Amino acid sequence: MVGMFAVPITPEGAAKLESHMDEHGTLPEPWSSCVLLNVALPPSKKALNTSGHQKLQEAVDRLLDECGITDKGSLLAEIPDSWERHGDLVVLTQGSFSASTLVWRSLGDRLWQAVCRALGCKRVALYKQVTCDKFRTPSVRLLYGLDGWVEHVDNGVTYVFDVTRCMFSAGNVTEKLRLASLDCSGETVVDLYAGVGYFTLPLLVHARAKSVHACEWNPDAVEGLRRGLRANAVEDRCIIHFGDCRQVAPRGIAERVNLGLLPSSEGGWSTACAALRGDTGGWMHVHGNVSSKPGASPRTEANKWEEPLTAAVLERGHVGATELPCCPRAQEDSSESAARQMERNSYWLDWAWCVAGRMRVLLAECNGGAGWTVMVRHLEHVKSYAPHVDHLVVDLECRPGTDPECRPATDPECRPATDPECRPATDPECRP
């Protein structure tokens, strides 16, 4: 087979080859069959990789020129350098195109059409802030387009929601991935704060839950959840309970309960305990914002209970713990001293144990006073929520009855989980 192929050479190499050519431009042997060509190469990907912010600036700059607006300095400063993208809709950050409202308004749809061309979208919305109603409705105004309904694909799961009516937290991606990795085959799950399906959908699509009972009181979120269930073809395995979970959640059916509400899910703890099966118990995933400010306690600031966690409360049940991985990502933060990391982790552990203690009491109350054993199986750091406040999730394994060899937490010989001499749960001499 006869053919030709190209070999790239440097300009210096080309100059050397040219010096050996005869008057006809032919190279000597063994290169006589070679042809020296100058080829104009296309620009590299790096050269073509103009930032979205730069493209947006250039597009708006051209529009202002076309409209005869010459005083552009302050206007260009109002162009955002970040935004959220949901399919073909882009949500601009608060303050974008706002200070010089009259100028931007005079441009009408031409401005938003220029934004769409620059960012490769079809619809534009503007984010302001979350309203303080009970639904935490986002204050998002649609600037260009017919409606705010979008599809957002994350880890193979399609979420459907109206950006102007429903919150969607992209910061919870690690927890969604973690729940998706669980094996919930054959389990009935109750999701007390389902929203548009942040955790309901991963539990159905990836964790293979037999069924999920999704509780939600925001009608717009319920509509998004219904659309998401259809988009992922799992609507036959989900039962939606519309209303306040404390009133509509099923009782005594769940092997697993998810409580994904911030800043605290405590309002649903009794409901979660009632939802667990009384004969076998199950698992709880309890979310909360935990303060690690110096001087804070698990029952102050971001961490409050209706009933103080007194010795009498602790004596109503038993508690245990496995080794608790306290966010390796945070521990690797070189900006924190080792002492501060240990202090912060101690606050997190205290919170986990206090949640477990409170759940023991509530489980007993929901089951005629019978004792329960609650094990802290895992503590997950999801994200930093605010300075010295972190979004955590504690995984609790809750089983009816008490292990006769499991000492109550008030036993003077029972060391805390942070004690360096405390054996891990994997120790063959350590009973669950």
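Modeller: Before we start, a polar contact here is a pair of N or O atoms within 3.5 Å, one able to donate a hydrogen and the other to accept it. And keep in mind that this is a predicted model.

Biologist: Fine. What makes the pair D191 and T200 a polar contact?

Modeller: Their side chains are joined at 2.7 Å, and the cut-off is 3.5 Å, so the pair qualifies. D191 sits in strand β7, residues 188–191.

Biologist: D191 is an acid, so to speak. Why is D191 said to have no salt bridge?

Modeller: A salt bridge needs a Lys or Arg nitrogen within 4 Å of a carboxyl oxygen. For D191 the nearest side chain of opposite charge is R256, 11 Å away, so that limit of 4 Å isn't met. D191 is buried all the same.

Biologist: What else does D191 touch, leaving out residues up to four places away in sequence?

Modeller: F199, T200, V212, H213, A214, C215 and N258.

Biologist: N258, then. Why is N258 called buried?

Modeller: Its relative accessible area is 1%, and buried means under 20%, so N258 falls in that class. N258 is in strand β10, residues 256–259. Beyond its sequence neighbours, its contacts include L179, V190, H285 and H287.

Biologist: Now a pair that does bridge. How do you know that R123 and D88 form a salt bridge?

Modeller: N to O is 2.7 Å, and the rule asks for within 4 Å, so the pair counts. The two are 35 residues apart, with R123 in strand β3 and D88 in the loop between β1 and β2.

Biologist: Are R123 and D88 buried or exposed?

Modeller: R123 is at 12%, under the 20% limit, so R123 is buried. D88 has 29%, between 20% and 50%, so D88 is partly exposed.

Biologist: And what makes R178 and D395 a salt bridge?

Modeller: Here N to O is 2.6 Å, again within 4 Å, so the rule is satisfied. R178 in helix α7 and D395 in strand β14 are 217 residues apart, and both are buried.

Biologist: Last one: why is V39 called exposed?

Modeller: V39 has a relative accessible area of 58%, and exposed means over 50%, so the label fits. V39 lies in the loop between α1 and α2. With M4, V35 and L37, V39 makes a nonpolar surface patch of about 500 Å².

Methods
Residues are numbered from 1 along each chain as its sequence is written. This is a predicted model: local features need pLDDT of at least 70, side-chain atom pairs count only at pLDDT 80 or more; totals for chains, interfaces and linings use all residues. Side-chain values use heavy atoms; hydrogens and water are left out. Patches are made of residues with over 30% relative accessible area and no salt bridge: like charges are joined within 9 Å, nonpolar side chains (Val, Leu, Ile, Met, Phe, Trp, Tyr) within 5 Å. Accessible areas come from the Shrake-Rupley method with a 1.4 Å probe; for residues, only the protein chains shown count as cover. Helices (H or I, at least four residues) and strands (E, at least two) are DSSP runs, numbered from the N terminus. Buried means under 20% relative accessible area, exposed over 50%, partly exposed in between (1.4 Å probe, protein chains only). Contact means heavy atoms within 4.5 Å. Lys and Arg count as positive and Asp and Glu as negative; His and the chain ends are not counted.
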